[in-house]
Amino acid sequence: MGWRDRLQAASFRGVAFEYRSDDLSGIGRRNQSYEYPKREQGYVEDMGRGVERVDIEAILIGKEYLTQLDALLKALRATGPGELVHPFYGRLQMVADASGRVRHSFEDGGLCYVSMSFIEGSTPATPPQRP
């Protein structure tokens, strides 16, 4: 199966957009390293999986792109996690970060560029209580 066979239509909270590119960060494990006096080797404690972030560059284009932009902005401003359908990673529960941007230009009439940042979201977790 080729990579094109896995592609899915991109959307957030059901609002579709044209995917251009993305960056995935925060992959891997969180680690805390410890160093000790008079020892040649330290210790690394595994603190769990890191919280992943996805930055997406998108484009909205066509006669109704402003209506689509209004719907996407409403979805991005909503509270709590929502479903992000990523073309390669599938369905993810993500929270939209406030660092997103929209760019219009007179030369590129009939379209806008949208930069969106998402943080992996879930239900609130309560830290364990000490005995």
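**Exercise 1. Find which residues make the nonpolar surface patch of about 280 Å², then look at where Leu24 sits.**

Step 1. Keep in mind that we're working with a predicted model here. The patch is built from Leu24, Ile27 and Tyr89.

Step 2. Now take Leu24 and place it on the chain: it belongs to strand S3, which covers residues 18–25.

Step 3. Check its cover. Leu24 has a relative accessible area of 30%, so it goes down as partly exposed. That label is for values between the buried cut-off (under 20%) and the exposed one (over 50%).

**Exercise 2. Work out which strands pair with S7, and in what sense.**

Step 1. Start with S7 itself, residues 82–86. It's mostly covered, with 4 of its 5 residues buried.

Step 2. Look towards strand S1, residues 11–12. S1 and S7 pair in the antiparallel sense, over 2 bridges. For a concrete contact, pick Ser11: its bridge partner in S7 is Val85.

Step 3. Now go to strand S8, residues 90–96. S7 and S8 run antiparallel too, joined by 5 bridges. Within this pairing, Glu83 stands opposite Gln93 in S8.

Step 4. Trace the connection. S7 passes into S8 through a hairpin of 3 residues. To wrap up, S7 has antiparallel pairings with S1 and with S8.

**Exercise 3. Name the residues of the negative surface patch and say where Asp97 lies.**

Step 1. The members are Asp23, Asp55, Glu57 and Asp97.

Step 2. Follow the chain on from S8 to find Asp97: it's in the loop between S8 and strand S9 (101–103).

Step 3. Is Asp97 buried, partly exposed or exposed? Its relative accessibility is 33%, so Asp97 counts as partly exposed.

**Exercise 4. Two residues that aren't glycine have positive phi: look at Arg13 and Lys38, and compare their settings.**

Step 1. Begin with Arg13. Its phi is near 50°, and you'll find this residue in the loop between S1 and strand S2 (15–16).

Step 2. Move on to Lys38, where phi is about 60°. This one is in a loop as well, between strand S4 (29–34) and strand S5 (43–49).

Step 3. Add the accessibilities. Arg13 comes out at 29%, so it's partly exposed. Lys38 reaches 87%, and therefore counts as exposed.

**Exercise 5. Set sequence separation beside distance in space for two pairs: Lys38 with Val51, and Arg53 with Ser21.**

Step 1. Go from Lys38 to Val51, 13 residues along the chain. Their C-alpha atoms are separated by 35 Å.

Step 2. Now try Arg53, which lies in strand S6, residues 53–61. Arg53 and Ser21 are 32 residues apart in sequence, and the C-alpha to C-alpha distance is 14 Å.

Step 3. Finish with the cover on Arg53. It has 40% relative accessibility, so partly exposed is the right label.

Key:
Residues numbered from 1 in each chain as written. Predicted model: local features only at pLDDT ≥ 70, side-chain atom pairs only at ≥ 80, totals over all residues. Heavy atoms only, no water. Buried < 20%, exposed > 50% of the residue type's maximum accessible area, 1.4 Å probe, protein only. Pairing = 2+ DSSP bridges. Patch = residues over 30% accessible without salt bridge, like charges linked within 9 Å, V, L, I, M, F, W, Y side chains within 5 Å. Areas by Shrake-Rupley, 256 points an atom, 1.4 Å probe, with all protein chains shown as cover. Salt bridge = Lys/Arg side-chain N within 4 Å of Asp/Glu carboxyl O. Lys, Arg positive; Asp, Glu negative; His and termini not counted. Charge placed at Lys NZ, Arg CZ, Asp CG, Glu CD.
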